[in-house]
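Thanks, everyone. I have one model to go through today, and I will put it up now.

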Amino acid sequence: MFMNTISLLALVGAAQAHMSMFYPPPLGGAPSVNKLSTATDKQFNYPLGCCGADGPSKPSPGICRGHLDKFDTEEAQVTWQAGQDAHFQLTDFSYDPNAPGSTHNGGSCQVGFSVDKGKTWKVAASYHGACPKHTEDGSPEAQTFDFKVPTGMPEGDALFAWIWLNREHESFMNCAKVKIGSGGSSTPADPANPAQSSSVAQKPAQSSTAPQTPVKSQSPTTPQQPAKSSVKPTKPTATSGTGSNRPRPSPRPQLPVDEEDEETDEDSGSHRHWDERSHPEVQAGARRYDVDGASCICRRGELNSRCACDGPSEKRAATEKKALRMHRRTLYKRVDSCNWASAPAMEVSYYTSDAKCAPNAKTLTPSSDSFELSWDVSCGVVEGDGTYPIKMMQCGMYGA
Ligand SMILES: [Cu+2]
C-alpha cells in the first residue's frame with residue numbers, strides 16, 4: 001500500500017489500521033469513543049476483509065463491520081432532524097497497538113442511513129476525494145465533515161453509516177445508531193454553525209464519551225508574547241501544544257514495546273492495559289487546519305469565528321488570518337441535501353472477496369490509484385480539494 005513516508009514508517013510491520021468513526025459514537029467503537037461499548041474490537045479500523053495471512057481479500061466481517069447486532073441493544077446517542085446541518089468525525093485512534101491508525105492521506109467516502117436495520121441504505125452525502133482530508137492529522141478536529149440529513153426522513157431510530165474507499169483499494173464501514181427527531185426538516189437555529197447545531201444530543205452523550213471541554217492543563221498557544229499575539233484574549237477557546245508543529249489536545253498514545261502475538265495472549269495484563277487507554281480529548285466545535293506548515297485550531301465564538309495557530313510568532317497573524325478564511329469557507333460551504341424519497345441507493349459492499357461491487361479489488365489491482373473516486377449521484381455531493389483527479393466508481397473498474 002502506498003503511503004507517504006511518515007505513515008509508511010509508522011506502519012511497517014502490520015499495516016491494517018486506518019481511520020474509524022468518532023462521532024456519532026459508532027457501534028462497536030472503543031469505550032472511550034462510544035460510552036455504551038463494553039469491549040474493544042481491535043480490528044475496528046481494519047480494512048474490511050483485508051490483508052490477513054491468507055491474502056489481501058477475505059469475506060467482509062459484515063454490515064457495520066459486524067456490529068449491526070448492537071443496534072438492538074444500544075440507545076441512540078445523537079438526535080438529528082430531517083434536513084438539518086450535521087457533521088460526522090473520523091479519528092486515527094489506534095485500536096491495535098501493532099497497527100496504528102492513519103489517514104491514508106485521503107480517499108473517498110459516503111455517508112447514508114438505513115431505517116430497516118441495515119437491509120437497505122440511502123445516500124446522504126458523497127465526498128468525492130479528500131475524505132479523510134489530505135493531512136497526516138487524523139484527529140477528529142481535523143477530520144470533521146459536514147452534510148445534511150436527508151429531508152423527509154422518517155422519525156425514529158436509524159442506522160447512520162460511513163464508508164471509505166481509499167486509493168489502495170481498501171474498504172471500510174462503521175455505523176452509529178442515531179435518532180431522527182420529529183422536528184421536521186427545519187433549519188437549525190444557527191445555520192452558520194453546522195458544527196454546533198448538529199451535535200444536539202438528547203443526553204450529554206458527548207461529554208461523557210470524551211471530555212469535550214478545552215484542555216486546561218495545556219499551555220496556551222502563545223505564552224511568550226501575549227501582548228503582541230493576534231489571538232484574542234477574550235475567548236481562550238483554542239489550545240495547542242507549545243512547540244510541536246502539530247498541537248493536539250492531549251498526547252497521542254505511544255506504541256508500546258510488545259513483541260508478543262496479540263492473538264495468543266488475550267488475557268495478558270499489557271494488552272488489557274492497551275485496551276483501556278482512552279481516546280485523546282476532543283474539543284467540541286473545534287476544527288484544525290494545516291496552514292503553511294502551521295497547525296491552526298479554529299472555533300466559532302459568540303460573535304465570530306477565531307483561529308489560533310502555532311508556528312513562528314512573526315508569521316502568526318498572517319497564518320491565523322488565512323486559517324480563518326479556510327474555516328469560514330468550511331462553515332459557509334453549501335452542502336445540498338438529498339430527499340429521502342428520491343435519495344440514491346447506497347452500496348455498502350466493496351472490495352472484499354464477497355463484495356457486491358469490485359470484489360477482490362486489492363488483489364486484482366495491487367497498485368495505488370492516482371485518482372480518487374466519485375459516485376454517480378445528484379444530491380449531497382461534496383467536492384474534494386483537487387489534489388487528485390476524480391474518477392467515477394464503477395464496480396468493474398478494478399477487474400472482474
Ligand atoms: Cu492501508
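Let me start with strand 4. Both of its faces are covered: on one side Ser-108, Gln-110, Gly-112 and Ser-114 are all buried, and on the other side so are Cys-109, Val-111 and Phe-113. That makes seven buried residues out of seven for strand 4. Keep in mind that this is a predicted model.

Now the neighbours. Strand 4 runs antiparallel to strand 7, and seven bridges join the two. On that side, Val-111 stands opposite Trp-162. Strand 5 also pairs with strand 4 in the antiparallel sense, over five bridges. There, the bridge partner of Val-111 is Ala-125.

Next, the core. In general, nonpolar side chains in soluble globular proteins tend to be buried together. Here the largest nonpolar core has 65 residues, and the members that touch the most others are Val-111, Phe-160, Ala-161 and Ile-163. Which strands supply at least two residues each? They are strand 1 (20-23), strand 3 (85-91), strand 4 (108-114), strand 5 (122-128), strand 6 (144-148), strand 7 (156-165) and strand 8 (171-180). The largest share, eight residues, comes from strand 7.

What does Ala-161 touch, leaving out residues up to four places away in sequence? Its contacts are Cys-64, Val-111, Gly-112, Ser-114, Trp-121, Met-173, Cys-175 and Val-348. Apart from this core lies another one, of eleven residues, including Ala-286, Val-291, Ala-294 and Cys-307.

That is what I have on the strands and the cores. I will take questions now.

Definitions and conventions: Residues are numbered from 1 along each chain as its sequence is written. This is a predicted model: local features need pLDDT of at least 70, side-chain atom pairs count only at pLDDT 80 or more; totals for chains, interfaces and linings use all residues. A nonpolar core is a set of buried Ala, Val, Leu, Ile, Met, Phe, Trp, Tyr and Cys residues joined through C-beta atoms within 7 Å. A residue is buried if 20 or more other C-beta atoms lie within 10 Å of its own, exposed if 12 or fewer, and partly exposed in between; C-beta atoms are placed from the backbone. Helices (H or I, at least four residues) and strands (E, at least two) are DSSP runs, numbered from the N terminus. Two residues are in contact if their C-beta atoms, placed from the backbone, lie within 7 Å. Two strands pair if DSSP finds at least two bridges between them.
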